[in-house]
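Me: I have a chain open in the viewer and want to walk through it by question and answer. Please keep the replies short.

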Amino acid sequence: MKRMLLPSFLFILSFANMHAQKTPAPEDVWRQIFLPENKAQMSAVAWENKVYFAGGYRGETFLATINIYNITTGTWTEETLSEARSFPTAIAAEGKIFFAGGVTQTIPYNDFSDRLDIYDVEQDEWTYLFLSEPKNTLNQAVHVGNKIMFPGGGTNGFMLYSSWKIRLK
């Protein structure tokens, strides 16, 4: 049996210094790549050669920016969520990037987003939908068959709700 090593990348976000690190595997050499802005409580998702860092929080400000890093060219671009928020749930499936829910008000975290931002990679087009009530932080997503499911979530970190389902086709 022939073994092959495929190039891959590992990104690590440091909350202390607010930067990302990237390294080609399996080498043990690290190179720092700084995010274009300092932020915490963001989500991250990858599709093909790009990594999307969406939303977040800085100081007392919720962020709507999506910082997009192209691992092939080493360049950053930027897009904007339909609503500023921290902790959006992110998932990529079937040529689309999804950012759902999140927190829209400072401590105590008691106002939540009902937005689902969708980026169609092939069409290079952003749209958004309103999710059904109750609004919540979601926290998880899974791609199953032709659906994306956002299981549970909470309005204060403790209360769980049933799943939202989004049909892809």
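Me: How many residues lie between β10 and β11 in their hairpin?
Reply: This is a predicted model. Strand β10 covers residues 89-93, and β11 covers residues 96-100. In the turn, Glu94 has a positive phi of about 50 degrees. The hairpin of β10 and β11 has a linker of two residues.

Me: In the pairing of β10 with β11, which residue is the bridge partner of Thr89?
Reply: The two strands run antiparallel. Five bridges join them. Across from Thr89, the partner in β11 is Ala100.

Me: Is β10 largely enclosed or largely open?
Reply: Strand β10 has five residues. Buried means under 20% relative accessible area. Four of the five residues are buried, so the rest of the structure leaves β10 largely enclosed.

Me: How many helices and strands does the whole chain have?
Reply: The protein chain has 169 residues, and 41% of them are buried. Its accessible surface is about 9900 Å², with 54% belonging to carbon and sulfur atoms. The secondary structure comes to zero helices and 16 strands.

Me: What is the strand order in the open sheet of four strands?
Reply: Pairing in this sheet is antiparallel. The edge strands are β4 (43-47) and β9 (75-80), each pairing on one side only. Neighbouring strands are turned by 20 degrees against each other on average, direction ignored. The order is β4-β5-β8-β9.

Me: Which residue of β9 stands opposite Tyr69?
Reply: Strand β8 spans residues 65-70. Six bridges join β8 to β9, and the two run antiparallel. Opposite Tyr69 stands Trp76.

Me: Which elements give two or more residues to the largest nonpolar core?
Reply: This core has 11 residues in all. Among them are Tyr52, Ala54, Ile66, Ile68, Ile97 and Phe99. A second, separate core has nine residues, including Phe98 and Phe150. For the largest core, the elements are β5 (50-54), β8 and β11.

Me: Which residues does Ile68 contact, leaving aside neighbours within four places in sequence?
Reply: Ile68 belongs to the largest nonpolar core. Its contacts include Lys50, Val51 and Tyr52. The others are Thr75, Trp76, Thr77 and Glu79.

Me: Is Asp117 buried or exposed, and which side chain makes a polar contact with its side chain?
Reply: Asp117 is found in strand β12, residues 115-120. Its relative accessible area is 3%. The cut-off for buried is under 20%, so Asp117 counts as buried. Its side chain makes a polar contact at 2.6 Å with the side chain of Arg85.

Me: Which residues does Asp117 contact, setting aside neighbours within four places in sequence?
Reply: Arg85 is one of them. Ile97, Phe98 and Phe99 are also in contact with Asp117. The rest are Leu81, Ser82, Thr127 and Tyr128.

Me: Where is Lys39, and what is its relative accessibility?
Reply: Lys39 sits in the loop between β3 (31-33) and β4. The residue counts as buried. Its relative accessibility is 1%.

Me: Which side chain makes a polar contact with the side chain of Lys39?
Reply: A polar atom of the Lys39 side chain lies 3.1 Å from a backbone oxygen, that of Gly55. The side-chain contact is at 2.7 Å. The partner there is Asn67.

Technical notes:
Residues numbered from 1 in each chain as written. Predicted model: local features only at pLDDT ≥ 70, side-chain atom pairs only at ≥ 80, totals over all residues. Heavy atoms only, no water. Pairing = 2+ DSSP bridges. Axes fitted to C-alpha atoms, helices over the stretch in contact; angles between N-to-C directions. Buried < 20%, exposed > 50% of the residue type's maximum accessible area, 1.4 Å probe, protein only. Areas by Shrake-Rupley, 256 points an atom, 1.4 Å probe, with all protein chains shown as cover. Core = buried A, V, L, I, M, F, W, Y, C linked by side-chain atoms within 4.5 Å. Contact = heavy atoms within 4.5 Å. Polar contact = N/O pair within 3.5 Å; in protein donor to acceptor, adjacent residues only side chain to side chain.
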